[in-house]
Amino acid sequence: MDLEARKISFVQEFLRLENEEIVNQLEKLLHEQKVQLLDLEMKPMNLDQFNNEIDQSVNDAAQSRIISSKDLKSRIQKWD
């Protein structure tokens, strides 16, 4: 059974659940596993990368390639 078929089967079984405690445990497990996966994928940047990011940010600000948080919030509100 491929991954897509397994996910469909799991969702079907999940939808048949009537026990709230099992649903809570599955939600908790899913959250914990997603956090662990994210932790594995995230790698800290080295000092050179960090300094380059800062230099780029300062350069962007000097070249007016920035947007204020107020303007950004206004744009986001228009997305709906």
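**Entry 1. Ser64 and the loop after α3**

I looked up Ser64 and found it in the loop between α3 and α4 (69–77). I note at the outset that the model is a predicted one. Ser64 follows α3, and its phi is positive, near 60 degrees. I recorded this value because Ser64 has a positive phi although it is not a glycine. I then checked its accessibility: Ser64 has a relative accessible area of 61% and is therefore exposed.

**Entry 2. Helix α3**

I turned to the helix that precedes this loop. Helix α3 covers residues 47–62, which makes 16 residues. I compared its expected span of 22 Å, at 1.5 Å a residue, with the 23 Å between its end C-alpha atoms, and the two agree. At the start of α3, I found a side-chain oxygen of Asn46 within 3.0 Å of the backbone nitrogen of Asp48.

**Entry 3. Helix α2**

I repeated the check on helix α2, which has 22 residues and covers residues 20–41. The expected span is 32 Å, and the end C-alpha atoms are 32 Å apart, so the expectation is met. Which residue caps the N-terminal end of α2? I found that Asn19 does, with a side-chain oxygen 2.8 Å from the backbone nitrogen of Glu21.

I also located Leu40, which has its place in helix α2. Is Leu40 buried or exposed? Its relative accessible area is 67%, which means that Leu40 is exposed. I took one distance from this residue: Leu40 and Arg16 are 33 Å apart in space, C-alpha to C-alpha, with their positions 24 residues apart in sequence.

**Entry 4. Salt bridges**

How many salt bridges does the structure hold? I obtained a count of 3. As background, side chains of opposite charge can pair when their charged atoms come close.

I began with Lys7 and Glu4, which form a salt bridge whose closest N and O atoms are 3.1 Å apart. Why are Lys7 and Glu4 separated by about one helical turn? They are 3 residues apart in helix α1 (residues 3–16), and therefore about one turn lies between them. An α-helix has 3.6 residues a turn, so residues three or four places apart point the same way. I found Lys7 partly exposed, at a relative accessible area of 43%, and Glu4 partly exposed as well, at 45%.

I next examined Glu13 and Arg16, whose closest N and O atoms are 2.9 Å apart in a salt bridge. Both residues lie in helix α1, 3 residues apart, which is about one turn of the helix. Glu13 is partly exposed, with 45% relative accessibility, whereas Arg16 is exposed, with a relative accessible area of 53%.

I then recorded the salt bridge between Asp60 and Arg65, where the closest N and O atoms are 2.8 Å apart. Arg65 is partly exposed, at a relative accessible area of 47%.

**Entry 5. The aromatic pair**

I searched the whole structure for aromatic pairs and found 1. The rings belong to Phe10 and Phe14; their centres are 6.4 Å apart and their planes stand at 20 degrees, so I entered the pair as stacked. Planes under 30 degrees apart count as stacked, which is the cut-off this assignment rests on. Phe10 and Phe14 both lie in helix α1, 4 residues apart, about one turn of the helix. I noted that Phe10 is partly exposed, at 48% relative accessibility, and that Phe14 is also partly exposed, at 30%.

**Entry 6. The largest pocket**

I finished with the largest pocket, which has a volume of about 220 Å³. Which elements give two or more residues to its lining? They are α1 and α2. I listed the lining residues as Phe10, Phe14, Leu26, Glu27, Leu29, Leu30 and Gln33. Helix α2 gives the most to this lining, with 5 residues. I cross-referenced the previous entry here: Phe10 and Phe14, among the residues that line the largest pocket, are the two whose rings form the stacked pair.

How values were computed:
Residues are numbered from 1 along each chain as its sequence is written. This is a predicted model: local features need pLDDT of at least 70, side-chain atom pairs count only at pLDDT 80 or more; totals for chains, interfaces and linings use all residues. Side-chain values use heavy atoms; hydrogens and water are left out. A salt bridge is a side-chain nitrogen of Lys or Arg within 4 Å of a carboxyl oxygen of Asp or Glu. Buried means under 20% relative accessible area, exposed over 50%, partly exposed in between (1.4 Å probe, protein chains only). The expected span of a helix is 1.5 Å times one less than its number of residues. A polar contact is a pair of N or O atoms within 3.5 Å; within protein, one must be able to donate a hydrogen and the other to accept it, and residues adjacent in sequence count only if both atoms are side-chain atoms. Rings of Phe, Tyr and Trp (its six-membered ring) pair if their centres lie within 6.5 Å; planes under 30 degrees apart count as stacked, over 60 as edge-to-face and the rest as tilted. On a 1 Å grid over the protein atoms alone, a cavity is a set of points where a 1.4 Å probe fits but cannot get out, and a pocket is an open set with protein on both sides within 12 Å along at least five of seven lines; lining residues have an atom within 4 Å of a point. Grid points are joined across faces, edges and corners, and a volume is the space filled by probe spheres set on the points.
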